[in-house]
Amino acid sequence: MTRKTYKVAHNRGHKRVWIEGKILLEHGFQRGVKFARTMRDDNRMDLFFAGEGQHTIAGTTERPIIDLNGKYLDALFEGFTHYVAEFWPVEKNYSALIRIYGVNQ
């Protein structure tokens, strides 16, 4: 598992998650892959990469992008200046996962 901290961004008045480029490629996340988003009770958000879901990795082959924003992130990041993204690779019976949660720095 790899962990990286990002500053909470904003778009159209809501909090935003923006992850791009090398970190995604290094962990096998390619442009065009579909993923599902799940909000957890412990103030975390999981992105599951099992080949289906309502979201798709955007960008280019050389620079894939995960771009999420909306009211659901306002609640998740309330009171936080940054967020951590944990990149979990495919393991046995589990699909790849990115876990996101708010932190202060």
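**Exercise 1. In this predicted model, work out the order of the strands in the open sheet of six strands, and find which strands stand at its edges.**

Solution. Begin with the order of the open sheet, which reads E1-E9-E10-E5-E4-E6, with antiparallel pairing. Next, look at the two ends of that order: strand E1 (2-7) and strand E6 (55-56) each have a single partner strand, so one side of each is left without a neighbour in the sheet. Then turn to the pair E5 and E10, which run antiparallel and are joined by five bridges. Finally, look at a residue facing E10, where phenylalanine 49 stands opposite alanine 96.

**Exercise 2. Decide whether threonine 5 is buried, partly exposed or exposed, and list what it touches.**

Solution. First place the residue, since threonine 5 lies in strand E1. Its relative accessibility is 34%, and because partly exposed covers values between 20% and 50%, threonine 5 counts as partly exposed. Setting aside residues up to four places away in sequence, threonine 5 touches His82, Tyr83, Val84, Val103 and Gln105. As for glycine 53, which is 48 residues away along the chain, its C-alpha atom is separated from that of threonine 5 by 25 Å.

**Exercise 3. Identify the residues with the most contacts inside the largest nonpolar core, and trace the contacts of isoleucine 100.**

Solution. The largest nonpolar core has 23 residues, and those with the most contacts inside it are Ile19, Ile66, Ile98 and Ile100. Among the elements that give two or more residues to this core are strand E3 (14-20), helix H2 (71-76) and strand E10 (96-103). Leaving aside neighbours within four places in sequence, isoleucine 100 is in contact with residues including Val17, Ile19, Leu47, Leu76 and Val84.

Definitions and conventions:
Residues are numbered from 1 along each chain as its sequence is written. This is a predicted model: local features need pLDDT of at least 70, side-chain atom pairs count only at pLDDT 80 or more; totals for chains, interfaces and linings use all residues. Side-chain values use heavy atoms; hydrogens and water are left out. A nonpolar core is a set of buried Ala, Val, Leu, Ile, Met, Phe, Trp, Tyr and Cys residues joined through side-chain atoms within 4.5 Å. Buried means under 20% relative accessible area, exposed over 50%, partly exposed in between (1.4 Å probe, protein chains only). Helices (H or I, at least four residues) and strands (E, at least two) are DSSP runs, numbered from the N terminus. Contact means heavy atoms within 4.5 Å. Two strands pair if DSSP finds at least two bridges between them.
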